[in-house]
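The following note is meant for a colleague who is meeting this structure for the first time. Please read the numbered points with the model open beside them.

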Amino acid sequence: MKTFIIFFFSLLFLGLPNLQAQEDYLFKALGAPHDPKVPVRWNRYYDYEEIEAMCKQMAQAFPELVTLESIGLSYEERNIWCLTITDKTIGQPDQKPGFYIDGNIHSNELQGSEFALYTAWYLMENFENVAYIRELLADKVFYIVPTINPDARHHFFHSPNTANSPRGGLVPVDNDGDGQYNEDGYDDLDANGEITLMRRKSPNGRWKVDADDPRRMVRVTGDEIGEYEVLGYEGLDNDGDGRVNEDGVPFSYDPNRDWGWNWQPNFIQGGAYKYPFSLPETRAVADFVDQHPNIAGVQTYHNSGGMILRGPGAKEDVGLYNRRDLQVYDQLGKHGSELLPGYRYLVIYKDLYSVYGGEIDWFYGSKGIFSFSNELWTSFLLFNKDYRKEGGSSAADYYKFDKYLLFEEAFVPWTKYEHPQYGEIEIGGFKRGYRRLDPSFILESDAHRNMAFTVYHADQMPKLEIQEVSTRELSKNVFEVTAVVANKRVIPTHSSHDVKNKITRPDWISIRSAEKTEVLAGMIVENRDFGISREQKYQPEKIRVNNIPGMSTVTVRWIVKGDGPYLIEVNSVKGGFTAYSTAE
């Protein structure tokens, strides 16, 4: 019997394939690296310390692609990390069009950090295997700042909070004007690490228990008699002033109202702090951008609502966006709405509300950069329905989603509590990780689709090629040299707003030769067919072009004394550097 068993298993193993020999032929899921150098689970959220460690691990694993630096310190002196990602073997990073990504400006809006990190990780891990990524990183450079509010992110993870706190940073503020700072914030009365709601039975209350789901509170209407009054989030009157939670948890300023474009004080724009860039975090980002004028595209991440947002944030800035720039925005934004199911391409002031001192308004208004802000997570992902088309509210469906897909993990059951001011109350409600943040099983899918949108935007930054160089002898040792420079992508080297306000220097198209050559004249050819040109009399060897439009060409011409070969160079701040020699 023993001999038979040994013989049977020998036959069984002989029938199995040699896994090591067949490794190159194994089926691999598309869209993700099969054996990443930096293994990361993208179905969870990471606190600041984990983000820091991940950034360092990425830089160590991919030194040929990644440079890690701190661009500044937060209020509590945490590093604001930036991953610079490009193919370092091809060209200088600061001579390539740059794409900037940041997340988590509002600390409770976590997933922007994960989405930014996923983008960095995907680019690195797929560089060897995906030709598109190799070409992208040869031409472009990414600047990825996972969190620009590290202090409050740390607070959100490690202190009891609501889904909405802390939104701002941790700079102490006297919210209620009593000369004290943050003295009456939320209190975790039931010590479960969550700040949920307080309710109290009352014959005069305007709330009742939902007949379909006893966890849910719904408002009564008209002459209907209620059962409960809702007392707000968990808290006590800590300073004896007759109010509860009036200081909240550092919630009184908004880092996305601190930027130096159309800034307004707090009495006009709620959430504004002292003056533009008065916060160390926004100042650090502004300084970094000033030091990297090659940045030609921007993506910032917020949540929630499923929106691809562009400026203007305020109606006063409508005139900044002319037809040419809007055509670029529309091409990018509409493509994004196809990549991101349930997301809408919207204008901030018109489709949401007015924002003064907002980040993407500063990027476009002050720097002339095409910039978007994506509001992540959308009720469209709850069930197979579109509330915009079918009508109704998604409020009840959040309870239904928790019941059938999260198995009531997101809800803290109502529990009695003896409150020192309110008497007998009940505490319960949704945890802070729900209704604003992607559930774990959706997180990676949402991250990948948003990454794909930002990669498309980055790829559409200028890609310049010297498409044609021709020479024609005019007389003895005098030549006409004509060069055609093409932009093979949608985004121009300068937005129209940039050109109008002279934000970035013009593009330079230059000619030079190793031989003794004199440039007698230089000109921009406005109509090659009819021989119409506009001469540039000063420094004719370096033609200054205000803009190289997207999917278009610019033609320049020189009259030179002296035979070639000639070297033609294109130097564009946001379009990169390229050269062509007639000797080739």
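1. A good place to begin is the aromatic cluster, in which Trp377, Phe383, Tyr398, Tyr399, Phe401, Phe411, Trp414, Phe430, Tyr434 and Phe441 come together as one group. Please keep in mind throughout that the model is a predicted one.

2. The aromatic pairs in the model number 32. In one of these pairs, Tyr100 and Phe288, the ring centres lie 6.5 Å apart and the planes stand at 40 degrees, so the arrangement is classed as tilted. Tyr100 belongs to strand β3 (residues 98–103) and Phe288 to helix α6 (residues 280–290), and the pair thereby links distant parts of the chain, 188 residues apart. Tyr100 and Phe288 are both buried.

3. A second pair, made by Trp377 and Phe401, also deserves a look: the centres of its rings are 6.5 Å apart, and because the planes meet at 65 degrees, which is over 60, the pair counts as edge-to-face. Trp377 sits in the loop between β12 (370–376) and α10 (387–390), whereas Phe401 is part of helix α11 (residues 395–404), so that the pair ties together parts that are 24 residues apart in sequence. As for exposure, Trp377 has a relative accessible area of 1% and is therefore buried, and Phe401, at 0% relative accessibility, is counted as buried too. Trp377 and Phe401 are among the members of the cluster named in the opening point.

4. Turning to helix packing, helix α2 (residues 48–61) packs with helix α3 (residues 111–125) at an angle of about 15 degrees, and their axes are 11 Å apart. Since that angle is under 35 degrees, α2 and α3 are described as roughly parallel to each other. The crossing that α2 and α3 make is left-handed.

5. Which residues of α2 and α3 meet? From α2 come Ile51, Met54, Cys55 and Met58, and these meet Ser113, Leu117, Ala120, Trp121 and Met124 of α3. Sorted by class, the contact of α2 with α3 has 8 nonpolar residues, 1 polar residue and no charged residues.

6. A final point concerns Val173, which is found in the loop between α5 (150–158) and β5 (197–201). Is Val173 buried or exposed? Its relative accessible area is 17%, and because this is under 20%, Val173 is classed as buried. Between Val173 and Trp121, which are 52 residues apart along the chain, the C-alpha atoms are separated by 37 Å; Trp121 is one of the α3 residues in the contact with α2.

Notes. Residues numbered from 1 in each chain as written. Predicted model: local features only at pLDDT ≥ 70, side-chain atom pairs only at ≥ 80, totals over all residues. Heavy atoms only, no water. Axes fitted to C-alpha atoms, helices over the stretch in contact; angles between N-to-C directions. Helix = DSSP H or I, 4+ residues; strand = E, 2+ residues; numbered from the N terminus. Parallel < 35°, antiparallel > 145°, perpendicular 65-115°, else oblique. Left-handed = near helix turned anticlockwise from the far one by under 90°. Contact = heavy atoms within 4.5 Å. Nonpolar A, V, L, I, M, F, W, Y, C, P; charged D, E, K, R; others polar. Phe/Tyr/Trp six-rings, centres within 6.5 Å; stacked < 30°, edge-to-face > 60°. Buried < 20%, exposed > 50% of the residue type's maximum accessible area, 1.4 Å probe, protein only.
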